[in-house]
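Hi,

Here is the structure I said I would pass on. Have a look at it first, and then read on for what turned up.

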Amino acid sequence: MNYLILPVDQAESVSGTTTTTSTIKKRWQRWLLVFLNIFFLLTGQTAATLLGRFYYNQGGNSKWMATFVQTAAFPFLFIPLLLFPSNRQPPSPAAAATPPALHLKIVLIYLGLGIIIGIDNLMYSYGLLYVPVSTYSLICATQLAFNAVFSYYLNSQKFTDYILNSVVLLTLSAAILGFNEAAESSGGVPKGKYVIGFMLTLGASATYSLILSLMQLSFQKVIRKETFTVVLEMQIYTSLVATCVAVVGLFASGEWKGLKGEMEGFAKGKVSYVMTLVWTGLSWQLASVGVVGLIFVVSSLFSNVISTLALPVVPVFAVIFFHEKMGGIKVVALLLAIWGFASYLYQDYQDYGKAKKASEHVEHLSGHRGGGGDRDC
């Protein structure tokens, strides 16, 4: 066989050019995935929150139905799963040696997370029904504080000045918005139900943060696959379990008996009732893909920061669709949220730059060792 042996300087030049091109391509692919998942999360969560409020305002009252629609649209995720099959990486020697044990771990992860998600969705449904939307947003902002604790202990998340600044700004943004809305609201919710809604929303925020950290831990320690397929599979199977939890709750509580009357009494009509539930379900699935995608590509804390960013964004769309007033306080809250988001995004950019330089250095050393071996031949 004939071998083409390049001069040393030319071989290093070609190797360096290939490495640089590959690094740039990977960088742009990563940022594209980040922004795409951000779009999914913000669009889906905003639409789902507005539709959830619309459901209650127009006469909807079933907490288990509101819980059901948060995950029931998961079959639509099979479409991108079939359209965009990923190249699966070969399993590690440990996984190849004990595939049944690995599969059992993954099944247990899906089952456990699915049950927790179902309970968490129910707590959010109660909170949105009993607590004013302003207070609801304020309480939900505490998920960043909970996630900071869980990420520190479960995911070894380091905190820098930029991350701390981002967390403080986003929490302050939601707090300002919440206090402003609370001052303008007239109440009307019985004290007992308000306390229940407050505590359940607080518990849901803590549980949601725990779910994000557990998902990231599962990706890192158990699943260990760098493909978008595994993200979709995580969302599909956990949503399946969570949906089963909601169905059991819907029938066990007896709320299913009142669904026909609820649909007939819906202020906007039967068709609007059905379409509200359908689009709420689709919106939640879009948001869930964004959440899981950001956990996979970046971290659970970043996913939570973006999720919190949507809280002050909701009033902007409420002005457009529900013709609510947009006062100066809301504008300040929105600007603080954008500032906090930019702060964390800049920190992530710095971290990625450092990781990129370290990777390039390793690849450069590997290229030298590989080139030396070829020259010896």
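A term before anything else: a nonpolar core here is a set of buried Ala, Val, Leu, Ile, Met, Phe, Trp, Tyr and Cys residues joined through side-chain atoms within 4.5 Å. "Buried" means under 20% relative accessible area. Please also keep in mind that this is a predicted model.

With that in hand, the largest nonpolar core has 58 residues, and V34, M215, F219, M234 and F302 are the ones with the most contacts inside it. Helix α5 gives the most to this core, contributing 9 residues. There is also a second, separate core of 6 residues, with L77, L81, I236 and V289 among them. As background, nonpolar side chains in soluble globular proteins tend to be buried together.

Now the overall picture. You will find 14 helices and 0 strands in the chain, so to speak an unbroken row of α elements from the N terminus on. Of the 377 residues, 44% are buried.

Back to α5, which covers residues 99-130 and holds L108. Besides what α5 gives to the core, there is something on the outside: L108 joins L104, L111, I115 and I119 in a nonpolar surface patch of about 450 Å².

Helix α7 is a nice one to check by hand. It runs over residues 143-154, and at 1.5 Å a residue its 12 residues should span 16 Å; the end C-alpha atoms are 16 Å apart, so the two agree. Which residues of α7 are buried? They are Q143, L144, N147, A148 and S151. Looking down the axis of α7, these buried residues fall within an arc of 140°, and therefore they line one face of the helix. The general rule behind this is that an α-helix has 3.6 residues a turn, so residues three or four places apart point the same way. On the face of α7 turned away from the buried side sit the exposed residues Y152 and Y153. After α7 comes S156, with a positive phi near 55°.

Next, some pairs that are far apart along the chain, in case you want to pull up their distances:

- N37 lies in helix α1 (residues 8-57). N37 counts as buried because its relative accessibility is 2%. S288 is 251 residues away along the chain, yet the C-alpha atoms of N37 and S288 are separated by 9.4 Å.
- Y55 is in helix α1 too. Its relative accessibility is 4%, so Y55 counts as buried. The C-alpha atoms of Y55 and S272 are 9.5 Å apart, with their places 217 residues apart along the chain.
- T308 belongs to helix α13 (residues 300-322). With a relative accessible area of 0%, T308 is buried. Its partner here is L42: 266 residues apart along the chain, the two have C-alpha atoms separated by 9.4 Å.
- L240 is in helix α10 (residues 228-253). Is L240 buried or partly exposed? At 36% relative accessibility, L240 counts as partly exposed. The C-alpha atoms of L240 and A73 are separated by 9.3 Å, although the two are 167 residues apart along the chain.

That is what I have for now. Shout if anything is unclear.

Cheers

Key:
Residues numbered from 1 in each chain as written. Predicted model: local features only at pLDDT ≥ 70, side-chain atom pairs only at ≥ 80, totals over all residues. Heavy atoms only, no water. Patch = residues over 30% accessible without salt bridge, like charges linked within 9 Å, V, L, I, M, F, W, Y side chains within 5 Å. Areas by Shrake-Rupley, 256 points an atom, 1.4 Å probe, with all protein chains shown as cover. Salt bridge = Lys/Arg side-chain N within 4 Å of Asp/Glu carboxyl O. Helix = DSSP H or I, 4+ residues; strand = E, 2+ residues; numbered from the N terminus. Buried < 20%, exposed > 50% of the residue type's maximum accessible area, 1.4 Å probe, protein only. Expected span 1.5 Å × (residues − 1). Arc of directions from axis to C-beta.
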